[in-house]
Amino acid sequence: MFFSIKVEQTITINETENPTASHPAAINVSCAGDVPLVDISVFADAADNCTATPTVAFVSDVETTPGTIIRTYSVTDTSGNYINVEQIITVNNTIAPEITCQSNITQTVGFGLDTAIVNFNTPVGTDNCAVDAVTQIAGFASGSAFPIGVTTITYEVRGAAGNSVTCSFDVIVEDEVVVDCSVDAGEDQNIDEGEQVELKASTSISGTLTWSPAESLALQILKPHIASPTETTTYTLSFKSEAGCTSEDFVTVYVTKKEEDDTKYGFSPDGDGINEFWEIDGIQKYPKNTVLIYNRWGDLVFETQGYNNTSNVFRGLANRKRNWGADQLPEGTYFFQIKIEGTHHLKKETGFLVLKR
């Protein structure tokens, strides 16, 4: 007789190793509507030590910061082991929307009115993704009573991504009874005594122009307003339009007076202390000067620079040609020449000088 027994062996499967998978490549899009749908095919390298094909499932899309979405997937093997992988999706719209306002509107109010009703259309905005809103941000609404003057209307279009752009146009309301009859007498001018200058007038409409005072004006056909004042004078330009509108403007002609010439063209160096040297009136104002004296035969007998009516003067003594055995020049008439660097107001630069002993 044979007997048999049954024995048991316990086999424990302890699979604790998580599957593996790479994080999917990041995605950059311009608009929220361009965010792609969930796609588990991006996990071509999902693997596990036991499960031939781990299960890939979508978990969530979470916007962590404006414009940044974290898309999470789970990769699970048959033992329940799993990992989460993340894909970064960036929505970066840098393209500004577009908007075009209409042209300026000009409207004239009727007599006795100070406002005008003005209507205009709201501009249409466009965006590469989506327009969030078109809003008027400055000026009165269409259909409002606009005052006389210029009112600027500004609209803003804002895209769904927050980008915005503006456009503007002006509503110009004019009073039909206002007429511009202004007149312009030109800029102030400067002249030296003895010179003349043309006064020029301009106005926006036709009418009659009158200059005053008229004493220093030459009324000519081609150039009717040539001014030659002997002293600084302010001229008044009066205008009257054909409709009776009047206005005035002013221009001043500044006159630089010529210096008086008290030079005596003769002197007597005789030792009496009176008129001992040739005094040239005003020469000390122009230190960069040269004074030359010639005798009647044209010989240069005296020359100096920096003539100053004090220490550097002509006393009848030669410092150039000496044909008489001494520096003292004889009585007679001599020719003088004065040279000055730059502008000056001396009356005479050349002439004759009498030396008397």
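These are my notebook entries on a predicted model of one protein chain.

**Setup**

I number residues from 1 along each chain as its sequence is written, and side-chain values use heavy atoms, with hydrogens and water left out. Since the model is predicted, local features need pLDDT of at least 70 and side-chain atom pairs count only at pLDDT 80 or more, while totals for chains, interfaces and linings use all residues.

**Entry 1: whole chain**

I looked up the secondary structure first. The protein chain comes to 0 helices and 26 strands; helices (H or I, at least four residues) and strands (E, at least two) are DSSP runs, numbered from the N terminus. The radius of gyration is 51 Å, well over the 21 Å that the globule rule gives for 357 residues, so the chain is more spread out than a compact globule. That radius is taken over C-alpha atoms, and the rule is 2.2 Å times the number of residues to the power 0.38. Along the principal axes, the C-alpha atoms fill a box of roughly 185 × 75 × 30 Å.

I then took the surface and contact totals. Of the 357 residues, 32% count as buried; buried means under 20% relative accessible area, exposed over 50%, and partly exposed in between (1.4 Å probe, protein chains only). The accessible surface is about 22,300 Å², with 50% of it belonging to carbon and sulfur atoms. These areas come from the Shrake-Rupley method with a 1.4 Å probe, and for residues only the protein chains shown count as cover. Among contacts (heavy atoms within 4.5 Å) between residues at least 6 apart in sequence, 54% join residues at least 24 apart.

For charge, I find 21 positive and 48 negative side chains, the centres of the two sets lying 27 Å apart. Lys and Arg count as positive and Asp and Glu as negative, with His and the chain ends not counted. Each charge is placed at NZ of Lys, CZ of Arg, CG of Asp or CD of Glu.

**Entry 2: the sheet from β22 to β26**

I traced an open sheet of 5 strands, in the order β22-β26-β25-β23-β24, with mixed pairing. Two strands pair if DSSP finds at least two bridges between them. The edges are β22 (266-267) and β24, each with a single partner strand, so one side of each is left without a neighbour in the sheet.

At one edge, β22 runs parallel to β26 (residues 350-355), joined by 2 bridges. Gly 266 has Val 354 in β26 as its bridge partner. At the other edge, β23 (residues 289-294) and β24 (residues 300-305) pair in the antiparallel sense over 5 bridges, and Tyr 294 stands opposite Leu 300. The hairpin of β23 and β24 has 5 residues between the strands, and Gly 298 there takes a positive phi near 85 degrees.

Just before β26 I checked Glu 349, in the loop between β25 and β26. Glu 349 is partly exposed, at a relative accessible area of 36%. Leaving aside neighbours within four places in sequence, Glu 349 is in contact with Phe 336, Gln 337, Ile 338 and His 344. The C-alpha atoms of Glu 349 and Val 291 are 9.3 Å apart, with their positions 58 residues apart along the chain.

**Entry 3: β9, β11 and β12**

I find β9 (residues 131-138) antiparallel to β11 (residues 149-159), over 6 bridges. Thr 135 has Glu 156 in β11 as its bridge partner. In turn, β11 runs antiparallel to β12 (residues 164-175), with 10 bridges, among them that of Val 157 with Val 165. The hairpin of β11 and β12 has 4 residues between them, and Gly 162 in the turn has a positive phi of about 100 degrees.

**Entry 4: backbone exceptions**

Most residues other than glycine have a negative phi, and most peptide bonds are trans. I listed two asparagines and one proline bond against this.

- Asn 275 has phi near 55 degrees, lies in the loop between β22 and β23 and is partly exposed at 32%.
- Asn 309 has a positive phi of about 65 degrees, sits in the loop between β24 and β25 (332-340) and is buried at 12%.
- The Ser 212 to Pro 213 bond is cis, with omega near -5 degrees; Pro 213 is in the loop between β17 (207-212) and β18 (217-218).

**Entry 5: Ile 40**

Ile 40 is in the loop between β1 (27-29) and β2 (55-65), partly exposed at 45%. Beyond neighbours within four places in sequence, Ile 40 is in contact with Val 56 and Tyr 73. From Ile 40 to Thr 343 I get 94 Å, C-alpha to C-alpha, for a separation of 303 residues in sequence.
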